[in-house]
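The following account leads a new reader through one protein structure. Please keep the sequence and the model in view while reading.

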Amino acid sequence: MIKVLLAEDQGMMRGALALLLDLEEDMQVVAQVGAGDQIVAAALDARPDIALLDIELPGRSGLDAAADLRAQLPSCKVLIVTTFGRPGYLRRAMEAGASGFLVKDGPVEDLAAAIRRVLAGERVIDPGLAAAALSAGPNPLTQRERDVLTAAVDGATVADIAGKLHLSQATVRNYLSSAIGKTGTRNRMEAVRAARQNGWL
């Protein structure tokens, strides 16, 4: 029996997925969580064979949780299942040790087949997204540039960002300027938007 953990913040979607997967003769959903910061604890408790993780979750992103899950429970494979098919997300998922990446608009039969393939040792990636990721290239932003853009998401001032990240205002301006240049945008809000669309944040 394949033991599955589901991490999905939309209750109806999580429940529907659990019902559909439980209909598979060789699968059993052993844990369900609605927030990213619950994933590792639930996995350590339920010991699933595979964790199906959404990316944008409250508390913590599925990508961050995937890396911790791979470190703390290496026997558990990770399959990212998301609405957001962005090339940068795919690259980050692979760097975090995920074994697969699927976009939610596919049929549930594809998901069940992907789970079996991942547990057989294959890597399963949405083909259209794989092609887009190859053409998009790597994330050009440094970790600090990503930190500054993330802090700027809600329209925070340079002083706010500097205080939050314990940096000088001049350093924050330099990181913002560099990120704006690398994203080919005109200001920090456009840079944030471009970085999000590419899955770099």
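**The largest pocket and its surroundings**

The largest pocket is lined by 20 residues, and those nearest its centre are Ser61, Asp64, Arg92, Thr150 and Leu201. The model is a predicted one. The space within the largest pocket comes to about 580 Å³. Three helices, α3 (62-72), α4 (87-95) and α7 (143-151), each contribute at least two residues to the lining of the largest pocket. Helix α7 gives the largest share of this lining, with four residues. Sorted by class, the lining of the largest pocket holds nine nonpolar, three polar and eight charged residues.

The position of the largest pocket can be understood from the division of the chain. The protein chain is divided into domain 1, residues 2-134, and domain 2, residues 143-198. The C-alpha centres of domain 1 and domain 2 are 30 Å apart. Because domain 1 and domain 2 both give residues to the lining of the largest pocket, the largest pocket lies between them.

Helix α7 also contains Val148. Is Val148 buried or exposed? With a relative accessibility of 0%, Val148 counts as buried, since the limit for a buried residue is under 20%. Val148 and Arg123 are 25 residues apart along the chain, and their C-alpha atoms are separated by 33 Å.

The account now turns to the sheet. Six strands form an open sheet, in the order β2-β1-β3-β4-β5-β6, with parallel pairing. Its edge strands are β2 (27-33) and β6, each of which pairs on one side only.

Strand β4 covers residues 77-82, and five of these six residues are buried, so strand β4 is largely enclosed by the rest of the structure. The pairing of β3 with β4 is parallel and extends over four bridges. Within this pairing, Leu52 has Leu79 of β4 as its bridge partner. From β3 the chain crosses through α3 to β4, and this β-α-β crossover is right-handed. Helix α3, which makes this connection, is also one of the helices that supply at least two residues to the lining of the largest pocket.

Strand β4 likewise pairs with β5 in the parallel sense, over four bridges. Here Val81 stands opposite Leu102 in β5. The chain passes from β4 through α4 to β5 in a β-α-β crossover that is right-handed. Thr82, for its part, stands opposite Val103 in β5. In a regular strand, the side chains alternate between the two faces of the sheet. Helix α4, the connection between β4 and β5, is among the helices that give at least two residues to the lining of the largest pocket.

A second pocket deserves attention next. The second largest pocket encloses about 380 Å³ of space. It is lined by 22 residues, and the closest to its centre are Leu102, Val103, Pro107, Asp110 and Leu111. Leu102 has already appeared opposite Val81, and Val103 opposite Thr82. At least two lining residues of the second largest pocket come from each of α1 (11-22), β5 (100-103), α5 (108-119) and β6 (124-125). Helix α5 gives the largest share, six residues. By class, this lining comprises 15 nonpolar, one polar and six charged residues.

Two loop residues remain to be described. Most residues other than glycine have a negative phi. Arg47, however, has a phi near 50°, a positive value in a residue other than glycine. Arg47 is placed in the loop between α2 (39-46) and β3 (50-53). Arg47 counts as partly exposed because its relative accessibility is 45%, a value between the limits of 20% and 50%.

The other residue is His166, whose phi is near 60° and is likewise positive in a residue other than glycine. Where does His166 lie? His166 is found in the loop between α8 (158-165) and α9 (169-183). At 72% relative accessibility, His166 counts as exposed, the limit for which is over 50%.

Definitions and conventions: Residues are numbered from 1 along each chain as its sequence is written. This is a predicted model: local features need pLDDT of at least 70, side-chain atom pairs count only at pLDDT 80 or more; totals for chains, interfaces and linings use all residues. Side-chain values use heavy atoms; hydrogens and water are left out. On a 1 Å grid over the protein atoms alone, a cavity is a set of points where a 1.4 Å probe fits but cannot get out, and a pocket is an open set with protein on both sides within 12 Å along at least five of seven lines; lining residues have an atom within 4 Å of a point. Grid points are joined across faces, edges and corners, and a volume is the space filled by probe spheres set on the points. Ala, Val, Leu, Ile, Met, Phe, Trp, Tyr, Cys and Pro count as nonpolar, Asp, Glu, Lys and Arg as charged, and the others, Gly among them, as polar. Domain bounds come from an automatic or database domain assignment. Buried means under 20% relative accessible area, exposed over 50%, partly exposed in between (1.4 Å probe, protein chains only). Two strands pair if DSSP finds at least two bridges between them. A crossover is right-handed if, with the strands pointing away from the viewer, the path from the first strand over the helix to the second runs clockwise.
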